[in-house]
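Please look through the sequence and the model below before reading on. The paragraphs that follow take up a sheet, a metal site and a loop in turn.

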Amino acid sequence: MNIEFAPTQTYLYAAVILPIALKKTYTYQIPDELLGKVEQGMSVEVQFGKSKLYTGVVHTLLETVEPGLQAKPILAILEEIPILSSKQLQFWDWMSTYYACTLGEVMNAAMPANLKLSSDTKLSLGSAYDENDQNLSNKEFLITEALRHNQELSLGQVRKILNQKTVHGIVNKLLDKKIIFLNEQVAARYKRKKVAYVRLEFLYREEPDLLQEAFDLCSKSSRQMEALMAFIQISRKKKHVSRKSIYEAAQVDGSVLKAMAKKGIFELYEKDVSRIDSEIDEQETAGELSEQQIKAVAEINNSIKKKRVCLLHGVTGSGKTRVYMELMQDVIDKGGQVLYLIPEIALTTQIISRLKKVYGNDVVVYHSRLNNNERVEVWKAALAGRSIMVGARSSLFLPFKKLELIIVDEEHDPSYKQIDPAPRYNARDAAVYLAFANKIPAILGTATPSIETYHNVKTGKYDLVEMKERFGGIEMPEIQLVDKRDELKKKKMKQEFTSVLLEEIKNALSNKEQVILFQNRRGYSPTLNCQLCGWKMECLNCDVSLTYHKFADQFQCHYCGSSKRHPESCKACGNPDLNLKGFGTEKIEDDLKILFPEAKIKRLDYDTAKTKSSFSTIINQFEEGDIDILVGTQMITKGLDFENVRVVGVLSADQALAYPDFRASERGFQLITQVAGRAGRKKIKGKVILQSFDIKHPVILEILDQDFQGFYNREIQERKEFGFPPYSRMIKLTLKHAKLMYLQDASRVLETHLKYAMGARVQGPAIPHIGRIRNMYLMNFWIKLEKSPLAASQAKKIIEAGINIVHKTEGCSSTRIIVDVDPY
Ligand code: ADP
Ligand code: ZN
Ligand code: ZN
């Protein structure tokens with residue numbers, strides 16, 4: 001029998017996503033020479049407008065287009081294989097629909113710069129450029145020559161130099177070879193990383209029995225003996241022995257190794273090391289699971305089988321990380337990939353080093369501080385199926401080959417929400433969607449579940465697995481509330497410290513235990529006041545008071561970054577007697593140094609830990625016991641694990657609850673519970689002191705009782721009463737304009753439109769808590785919607801129409817309107 005196959009479909013057009021804020025995809029024609037070669041998810045070079053070239057991603061292939069459409073041709077295919085799967089494109093579609101942004105904005109968030117060149121892209125010479133390189137093609141030579149004479153060239157200029165339309169191919173090759181670079185990364189210019197190693201000469205490597213001869217050869221030099229012994233020690237643990245490690249272990253320098261190389265004992269060599277893979281120190285196996293962990297793993301596996309979303313609610317120190325690792329192992333064994341999301345990479349060096357110790361270079365970390373080349377390396381690793389991808393929110397966009405499991409650690413963390421620019425997505429929610437689209441399970445882990453997630457458990461949408469005890473049988477810390485008002489009245493307070501807290505610190509120090517103090521405010525003091533007339537030192541560009549930073553001796557704006565010198569006197573009445581009010585981490589550190597002159601005190605906040613390395617230096621010092629008291633902002637709350645911290649002090653518990661929105665209680669509960677969770681994790685029971693003016697605040701009492709259920713029940717009731725999420729879906733609109741008058745006009749126009757269509761669901765316009773930032777006046781609308789996809793999509797259409805109307809209104813055309821779905 002003859003089976004007749006239908007001829008393979010020939011698509012003549014492609015809908016392409018461009019990395020610009022276009023509402024839709026743009027249609028291109030597939031030219032004859034590319035017929036049958038263009039696939040969904042491929043990156044292609046296309047022209048847009050008169051002369052602009054872009055890298056686009058093929059969204060869909062089309063057989064026909066509406067008659068009369070003059071589609072420009074696709075110019076070239078940039079990578080032979082698709083860089084995105086249909087699942088990922090589905091994810092992009094969802095993101096742009098759900099978060100009301102364009103596909104181009106999603107593309108920009110998702111793809112590393114090297115993979116989306118455009119004619120504006122600037123190029124410059126890279127570190128691997130060598131004037132005498134004989135292997136350059138004629139065209140490559142022309143480009144590098146031009147770059148020698150001009151610091152930088154745009155891709156458009158390169159086109160002119162080569163006198164050809166498409167240059168992406170050549171440029172990509174030069175980028176791969178690191179002969180040229182994208183200019184935006186000049187600051188952190190990529191250098192090939194070389195490490196100097198040493199190994200035994202071939203003879204000794206092959207015949208270890210002969211090693212005795214090597215010892216004989218250096219018996220006359222004690223330094224050479226030391227070096228050889230150090231080498232043997234280190235080589236037991238490491239495949240490649242770096243020269244540096246010998247210098248450190250044997251206290252010798254390069255001349256000793258060179259002499260030994262001359263004698264034929266050692267061979268010196270260098271190796272390029274990948275930047276995303278690090279030399280792994282000692283490999284370890286993960287510890288035995290505790291009974292509680294075994295049970296949790298079994299329960300989660302049950303949930304995984306049903307491909308469900310599962311909340312792992314485990315108290316601080318219960319050992320959730322070890323549970324994740326067990327689950328990862330199963331996926332790795334089957335050849336799949338795991339995405340392990342963590343809130344902020346810089347703040348999680350501890351977890352990454354724990355993972356790397358066990359899984360070595362199966363672990364790849366993706367974060368915002370990687371340069372463009374490193375990002376491409378990580379992308380390729382994901383495409384190649386590397387097993388454990390760890391990253392902050394943007395790692396959701398990696399092109400996974402075989403994603404089998406997503407873990408969202410600290411699912412409650414606000415930094416999962418991207419504030420700016422669009423897409424303004426919550427990575428936890430997006431992860432749940434990604435899991436759904438891939439038909440794989442997702443695990444959300446935390447000690448302090450978000451109200452939304454816990455509501456999903458209660459309504460049966462998610463599974464729940466609990467770990468109620470700390471690992472190793474350690475008891476949960478004791479939490480004590482101290483009344484600041486009472487201490488003030490009795491004159492027992494010293495600066496911002498209650499007598500109770502000071503006593504605990506003193507005890508801890510004398511027992512050689514460590515202390516963590518928490519205040520969620522950096523700088524020395526948040527305001528400078530005139531007591532006569534009430535004048536406040538404020539920012540010129542923003543409606544906020546300036547924070548005094550003592551070390552820099554200046555007043556800084558935490559919103560626009562501008563700063564001012566210390567004023568001589570009040571700018572309003574001339575009174576020279578000005579008062580600093582309130583305190584931040586810098587003042588606490590300062591005062592502590594006077595109260596405990598012997599103690600080693602350090603501060604961990606945005607000012608002292610701006611870079612990843614300054615952060616890890618402080619963490620390491622604290623781990624090693626070189627710091628007695630660590631003062632910090634919310635930076636110290638995130639998943640840190642120290643053995644010897646017994647006392648934790650929260651200096652202003654009520655302040656942590658004073659956010660100006662409906663998540664205030666939730667945030668405060670999470671923040672304080674997480675800080676408290678740093679106490680007494682390993683050896684002894686911890687002690688937590690909460691200082692507060694308000695000692696009757698229900699949330700504080702719930703924290704005191706470590707009563708998450710009680711907190712949840714009360715909070716969810718309030719959300720229900722006022723129709724806040726999870727009982728509604730919120731969309732926040734923020735209007736920005738440099739002129740207050742036009743902002744008010746625009747707000748009125750939008751208000752009329754929105755309220756006509758959606759009535760009482762619309763609240764606003766309202767001036768936000770801070771009404772002006774960087775000289776832009778702000779106005780908010782809040783829209784509370786019924787929780788249905790239909791309501792959301794209708795609302796988004798109404799909003800879009802409203803924005804168009806505003807932009808067509810005289811004087812209002814330059815109003816910026818930001819749409820934020822599920823705002824924070
Ligand atoms: P959580 O993330 O739940 O707060 P961690 O995962 O940080 O807790 O675990 C708390 C501490 O207990 C860590 O120091 C961790 O190394 C240790 N730990 C947890 N499980 C094990 C285990 N199975 N074997 C050895 N140590 C463990
Ligand atoms: Zn004054
Ligand atoms: Zn400012």
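Two strands are taken to pair if DSSP finds at least two bridges between them. In this predicted model, strand S24, which covers residues 554–556, is joined to S25 by 2 bridges, and the two strands run antiparallel. One of the contacts can be located by residue, since the bridge partner of Gln 556 in S25 is Ser 563.

This pairing belongs to an open sheet of 3 strands, whose order is S23-S24-S25 and whose pairing is antiparallel. Strand S23 (547–549) and strand S25 (563–564) stand at the edges of the sheet, and because each has a single partner strand, one side of each is left without a neighbour there.

The zinc ion (ligand 2) comes next, and which residues supply its protein donors? They are Cys 530, Cys 533, Cys 570 and Cys 573, each through its SG atom, at 2.3 to 2.4 Å from the ion. In sequence, these donor residues of the zinc ion (ligand 2) follow the spacing C-x2-C-x36-C-x2-C. The site links distant parts of the chain through the pair Cys 533 and Cys 570, which are 37 residues apart: Cys 533 lies in the loop between strand S22 (527–530) and S23, whereas Cys 570 lies in the loop between S25 and strand S26 (578–581).

Why is the arrangement around the zinc ion (ligand 2) described as tetrahedral? Four donors count as tetrahedral if all angles lie between 85 and 135 degrees, and the 4 donor atoms around this ion subtend angles of 104 to 115 degrees, so the arrangement meets that criterion.

Are the donor cysteines buried or exposed, given that buried means under 20% relative accessible area and exposed means over 50%, with partly exposed in between? Cys 530, at 2% relative accessibility, is buried, and Cys 570, at 3%, is buried as well. Cys 533, by contrast, has a relative accessible area of 39% and is therefore partly exposed, and Cys 573, at 40%, also counts as partly exposed. A disulfide would require a pair of cysteine sulfur atoms within 2.5 Å, and by this rule the count comes to 0 disulfides.

Elsewhere in the chain, Ala 392 lies in the loop between strand S16 (388–391) and strand S17 (403–409). Its relative accessible area is 16%, so Ala 392 is buried. Ala 392 and Ser 415 are 23 residues apart in sequence, and their C-alpha atoms are 9.1 Å apart in space.

Technical notes
Residues are numbered from 1 along each chain as its sequence is written. Chains are lettered from A and ligands numbered from 1 in the order in which they are written. This is a predicted model: local features need pLDDT of at least 70, side-chain atom pairs count only at pLDDT 80 or more; totals for chains, interfaces and linings use all residues. Side-chain values use heavy atoms; hydrogens and water are left out. Helices (H or I, at least four residues) and strands (E, at least two) are DSSP runs, numbered from the N terminus. Donors are N, O and S atoms within 2.8 Å of the metal (3.2 Å for Na, K and Ca); water is not among the atoms, so sites may look incomplete. Four donors count as tetrahedral if all angles lie between 85 and 135 degrees; four count as square planar and six as octahedral if opposite donors are over 155 degrees apart and all others between 65 and 115; anything else is irregular. Buried means under 20% relative accessible area, exposed over 50%, partly exposed in between (1.4 Å probe, protein chains only).
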